[in-house]
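Here is a quick walk through a model you may want to keep open on your screen as you read. Have a look at the fold, then follow along.

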Amino acid sequence: MAETLSSLQDLKTAAAAPVAEAPVHVQKIDKLGRAYATGKRKNAVARVWIKPGSGKVTINGRSFESYFARPVLRMILQQPYAITKRVDQYDLVATVAGGGLSGQAGAVRHGLAKALAHYEPTLRSLLKREGFLTRDSRVVERKKYGKRKARRSFQFSKR
């Protein structure tokens, strides 16, 4: 330290480091007026684009109802809209690959929440509080050698 401190007041002013401000999140929109985000869940990866519209949802070129036939999967996908009270305000186009239908629905939900946060940065805290911006990192455990599955052993026989 090049400067000499002679009193407690000098010590207080020297120790008071500039406080870092919270990061300001800005709107991220492409030239076509869409917000893009990638969502992941298990082995599924979803690329999601949203833009203002009538609430039309298209997944892999098919309608939302025909792609996710089970009502539970449709409910999972609609959760970010319901929490932010933006039902029927954005058109969603998504391409999903990998995993099963449950993982794909979770991946689209994750991507939708991230895209909403990109389009309207004020919604970020609400989506984060509900846990929609966090990538669920749980994946299937790999099979081990000498085992029937990841942890299950072969059936024991005394013979």
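In which helix is Glu-130 found? Glu-130 sits in helix 5, which covers residues 124-130. Bear in mind that this is a predicted model. With a relative accessible area of 40%, Glu-130 is partly exposed. Its C-alpha atom is separated by 45 Å from that of Gln-9, a residue 121 positions away along the chain.

**The overall picture**

The protein has five helices and five strands. Going along the sequence, they come in the order α-β-β-β-β-α-α-β-α-α. The radius of gyration is 24 Å, whereas the globule rule gives 15 Å for 159 residues, so the protein is more spread out than a compact globule. If you boxed up the C-alpha atoms along the principal axes, you'd need roughly 85 × 65 × 25 Å. Of the 159 residues, 30% count as buried. Still, residues far apart in sequence do meet: among contacts with a separation of 6 or more, 66% are between residues 24 or more positions apart.

Another residue to pick out is Gly-146, in the segment after helix 5. Gly-146 counts as exposed, at 62% relative accessibility. From Gly-146 to Leu-5, the C-alpha atoms are 68 Å apart in space, and the two residues are 141 apart in sequence.

**Two helices side by side**

How do helix 3 and helix 4 run relative to one another? Helix 3 spans residues 71-84 and helix 4 spans residues 101-119; their axes come within 8 Å and cross at roughly 15°. Since angles under 35 degrees count as roughly parallel, that makes helix 3 roughly parallel to helix 4. The crossing of the two is right-handed.

From helix 3, the residues taking part include Leu-73, Ile-76, Leu-77 and Tyr-81, and from helix 4 they include Ala-105, Val-108, Leu-112 and Leu-116. Gln-79 and Thr-84 in helix 3 belong to this contact as well, and so do Ser-102 and Arg-109 in helix 4. Sorted by type, the residues of the contact between helix 3 and helix 4 are 11 nonpolar, four polar and one charged.

**A buried spot in strand 3**

Is Thr-58 buried or exposed? Thr-58 lies in strand 3, and at 19% relative accessibility it counts as buried, because the cut-off is under 20%. Setting aside neighbours within four places in sequence, Thr-58 is in contact with Leu-92, Val-93 and Ala-94. Leu-92 is 34 residues from Thr-58 in sequence, yet the two C-alpha atoms are 6.2 Å apart.

**Two loop residues with positive phi**

Which backbone angles are worth a glance? Asn-60 has a positive phi although it is not a glycine, and Asp-88 has a positive phi although it is not a glycine either. Here they are together:

| Residue | Phi | Loop | Relative accessibility |
|---|---|---|---|
| Asn-60 | about 50° | between strand 3 (57-59) and strand 4 (62-63) | 32%, partly exposed |
| Asp-88 | about 60° | between helix 3 and strand 5 (90-97) | 53%, exposed |

So what do the loops look like on the model? Asn-60 comes in the loop that follows strand 3 and leads to strand 4, while Asp-88 is in the loop between helix 3 and strand 5.

Conventions
Residues numbered from 1 in each chain as written. Predicted model: local features only at pLDDT ≥ 70, side-chain atom pairs only at ≥ 80, totals over all residues. Heavy atoms only, no water. Axes fitted to C-alpha atoms, helices over the stretch in contact; angles between N-to-C directions. Helix = DSSP H or I, 4+ residues; strand = E, 2+ residues; numbered from the N terminus. Parallel < 35°, antiparallel > 145°, perpendicular 65-115°, else oblique. Left-handed = near helix turned anticlockwise from the far one by under 90°. Contact = heavy atoms within 4.5 Å. Nonpolar A, V, L, I, M, F, W, Y, C, P; charged D, E, K, R; others polar. Rg over C-alpha atoms; globule rule 2.2 N^0.38 Å. Buried < 20%, exposed > 50% of the residue type's maximum accessible area, 1.4 Å probe, protein only.
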